[in-house]
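Q: I'd like a close look at one spot in this model, with the cut-offs spelled out as you go. Here's the thing I have open.

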Amino acid sequence: MSMLGTAQPELLAFPEQRPVFLREYSTNHYSVVSYFLSRLTMEAILTALQNLVRCLISYYLIAFNSNFGMFYIILYVLSMTSSALAVMVGAAVEDPKLGHELAPLLFVPQMLLAGFFVVPDLIPVWLRWARFLCSLFYSTKIMLVEEFGDGCGSEEADIACERLIDSVGADEDEVWWSWVILIGLFVVFRFLALIILRQKALKFY
């Protein structure tokens, strides 16, 4: 929900607002960077509020073992990284309908490759590399370590939890790598979106 709920609107926003942006950019109302940063600021604030409401409901309803603050941060970073991918694709396409059609292609495979629904060993070898480009893969690893890393209440449950963590290749000592890659994906996707938007604006101008 954190991934799709924030990414879907962003995927459609750029194609829908493109005519207004190009017109105002051509009349020097603002630069591409200022427009991009202002949108990023608003997205960050709205995403933070949306995830806060979502976390307050789901955290206490499900009674997670992990810390609430960490739970919130994981979902927030996942949302921002997913929206960064959506913004990049949205900046590249011109038709809102095309952006809507691309949404399942971008996010549904992440659910299959993240390792939670399908064990990575069951994914074809030639396709496994794709999970390293999925923000949900790294978020799942972090969340599983935070939720089950300190034990699950009994010896049998601990064994089951360890198997679950091992099945996705998560390691408590390497969680920081997942954080670094998540932030790196966010920066790369946003930077590419800025370049694409700037090229389209210069071409129009």
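Which residue's side chain meets that of Glu 43 in a salt bridge at 2.6 Å, N to O?

A: That's Arg 190: its side chain and that of Glu 43 form a salt bridge at 2.6 Å, N to O. The term here means a side-chain nitrogen of Lys or Arg within 4 Å of a carboxyl oxygen of Asp or Glu. Arg 190 sits in helix H7 (residues 175-204) and Glu 43 in helix H2, so this pair ties together parts that are 147 residues apart in sequence.

Before going further, some ground rules: this is a predicted model, where local features need pLDDT of at least 70, side-chain atom pairs count only at pLDDT 80 or more, and totals for chains, interfaces and linings use all residues. Residues are numbered from 1 along each chain as its sequence is written, and side-chain values use heavy atoms, with hydrogens and water left out.

Back to Glu 43, which has another partner. Arg 39 also meets Glu 43 in a salt bridge, this one at 3.4 Å, N to O. Both of these residues lie in helix H2 (residues 32-62), four residues apart, or about one turn of the helix. Helices are DSSP runs of H or I with at least four residues, numbered from the N terminus. By the salt-bridge rule the count comes to two, and the shared partner joins Arg 39, Glu 43 and Arg 190 into one network.

How covered is that network? Glu 43 is buried at 5% relative accessible area, Arg 190 is buried at 5%, and Arg 39 is buried at 15%. Buried means under 20% relative accessible area, exposed means over 50%, and partly exposed is in between, with a 1.4 Å probe and protein chains only.

Helix H2 also holds Leu 52, which is partly exposed at 35%. Leu 52 helps make a nonpolar surface patch of about 740 Å², together with Val 53, Leu 56, Ile 57, Tyr 60, Leu 61 and Ile 62. Such a patch takes residues with over 30% relative accessible area and no salt bridge, and joins nonpolar side chains (Val, Leu, Ile, Met, Phe, Trp, Tyr) within 5 Å, or like charges within 9 Å. The areas come from the Shrake-Rupley method with a 1.4 Å probe, and for residues only the protein chains shown count as cover.

Technical notes
Helix = DSSP H or I, 4+ residues; strand = E, 2+ residues; numbered from the N terminus.
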